[in-house]
Each structure stands twice: as C-alpha cells, then as structure tokens.
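This report describes one protein chain from its secondary structure to its interior. Please look over the sequence and the structure before reading on.

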Amino acid sequence: MASLPNSSVLLLVLVVVLATAAATADAVTFTIINKCGYTVWPAALPSGDGNQLDPGQSWALYVPAGTKGARVWGRTGCGFISGGNLGQCQTGDCGGTLRCAAVGAPPVTVAEFSLGQASGSGGEDYFDISLVDGFNAPMAIVPAGGRRCPRGGPRCAAEITLQCPGELRAKAGCSNPCRGNSTCGPTKDTEFFKKLCPETITYARDDRGTTFTCPAGTDYQIVFCP
C-alpha cells in the first residue's frame, strides 16, 4: 500500500486536531472529585463512562452541550477483577461492570443534569441532586469558572447512612421507599432526607427549591464528601 505524502499526513493530522478541539470547545467539563476517606467509583450516563477515584483524586469528564438526562453517581465497596472490568459494588452497582449502561442499583445519590446549548441559541443548564433512589455518599455540585448562577449549586454533605432509621437501612446506604413511585411523598421517610439535605429531591414531585440553573456552557465540579 502506497504511503501518503508528508503534506497529506500533516493535513490529516490537522483535521483530526481541529475536530477534536471543536468537539471539546462545545462540551461541558464535569470535574469529579473524591474528598471522601474511601475510594469511590463514579459512573456517568449517557456516555457510559466509569472510573476509580481514590481519596484526593479527580477525573475530568467531557459532556456534549445540549445533553439531556445526564447522570453521575458514585459506587462504593467495589471489587473489580479481570483488568478492572468485572466485579461487584456494595452500592451503585451496574451489572458488575466498570462502565455503566444504566443508573446503578439503589440506594444511590445521583447528580442530574439537563444541559443547554453551549453556543448558538444559548439557554440554561438545569441540575439537581436526587435522593429518590436513596443515599450512598455525600455530594455537592459546584458551578466552576466564575459563571453567574443564581443560587450556586446543591449540596448534601450529611453522612445520612450513619443516621438512617432502622426500616430504611441498606448495605452501605439508606433506602428511599418512594423510589419508582410517581405519586409517593412527602412522607416521614422523605422528610428524614429533606431535614438532613434540604436542597435535594426526595420524591418524584419534590420541587421545594431543588432545581438549580446556570448559563449554558458552565463547567461543574461534582464533589463526593464535600
């Protein structure tokens, strides 16, 4: 097979670099930070990305502008084998794989995003922390880059698992009985979550100051154990 002339190779490299730069420029950066005293295995949808973060480590994840239904959560107590791809987690497990095709098994704390377009028509990002699927790790969403966001971002710093009532206790987490029930709540159980983390969604119709907004194109930090 004949090799390409040097000029053609350089042009091809330039096209790839420019395409990559354009895709990155039109993407939102989620910097996921583990400030817990234990390892967290964050996962994200719809990209299906997954990673291992030991205490103090961070991970930059690029999410296309305009992505709706983006979710990030942390898994705990994982034991992966076979090159880090197969195993099981105590909380947030998604079929025993490092990369996930669905939100992890409850109980799990979930960051949710609906991103506006970063360029062109503009718009807003909408985001929240949901405890509808229960709780497994403290979390905060922090807008980055000095963007003007009316209320900043939600925070759930309480170690809810340590205070979880007996009837809600699960392995390494705290369950929410309203999971999967669109008509459930508020109840004494959802109010337990609300008291400890008032900025979070605790049942499907919980709109008590739970949705946060930022200008489209804002980058975010998702911090475990803020």
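The sections below cover the chain as a whole, one sheet, one helix and one cavity.

## The chain as a whole

The model shown here is predicted. The chain has 226 residues, and 45% of them count as buried. Its secondary structure consists of three helices and 14 strands.

The accessible surface adds up to about 10,900 Å². Carbon and sulfur atoms account for 55% of that surface. Contacts can also be sorted by how far apart the two residues lie in the sequence. Taking contacts between residues at least 6 apart in sequence, 64% join residues at least 24 apart.

## An open sheet of five strands

Five strands make up an open sheet, and their order is β3-β1-β14-β9-β10. The pairing in this sheet is mixed. At the edges are β3 and β10, the latter covering residues 155–156, and each of these two strands pairs on one side only.

The pairing of β1 with β3 can be followed in detail. Strand β1 covers residues 27–34 and is joined to β3 by seven bridges. The two strands run antiparallel. One residue pair to look for in the structure is Ile33 and its bridge partner Ser58, which lies in β3.

## Helix α3 and its cover

Helix α3 spans residues 188–196. Its buried residues are Asp189, Thr190, Phe192, Phe193 and Lys194. A residue counts as buried when its relative accessible area is under 20%.

Which elements cover the buried residues of α3? Among them are α2, at residues 160–163, and β12, at residues 173–174.

## The cavity

How many cavities of 30 Å³ or more are there? The count comes to one. The largest cavity holds about 40 Å³ of space.

The residues that line the largest cavity are Phe30, Ala44, Leu45, Pro46, Ser47, Leu61, Val63, Ala70, Arg71 and Val72. Three elements each give two or more residues to this lining: β2 (41–45), β3 (58–64) and β4 (70–75). The most comes from β4, which gives three residues. Sorted by class, the lining has eight nonpolar residues, one polar residue and one charged residue. Because Asp, Glu, Lys and Arg count as charged, the charged residue in the lining is Arg71.

Strand β3 therefore appears in two parts of this report: it is an edge strand of the open sheet, and it gives two or more residues to the lining of the largest cavity.

Definitions and conventions:
Residues numbered from 1 in each chain as written. Predicted model: local features only at pLDDT ≥ 70, side-chain atom pairs only at ≥ 80, totals over all residues. Heavy atoms only, no water. 1 Å grid on protein atoms, 1.4 Å probe; cavity = no way out; pocket = protein on both sides within 12 Å on 5 of 7 lines; lining within 4 Å. Points joined across faces, edges and corners; volume = space filled by probe spheres on them. Helix = DSSP H or I, 4+ residues; strand = E, 2+ residues; numbered from the N terminus. Pairing = 2+ DSSP bridges. Buried < 20%, exposed > 50% of the residue type's maximum accessible area, 1.4 Å probe, protein only. Contact = heavy atoms within 4.5 Å. Areas by Shrake-Rupley, 256 points an atom, 1.4 Å probe, with all protein chains shown as cover.
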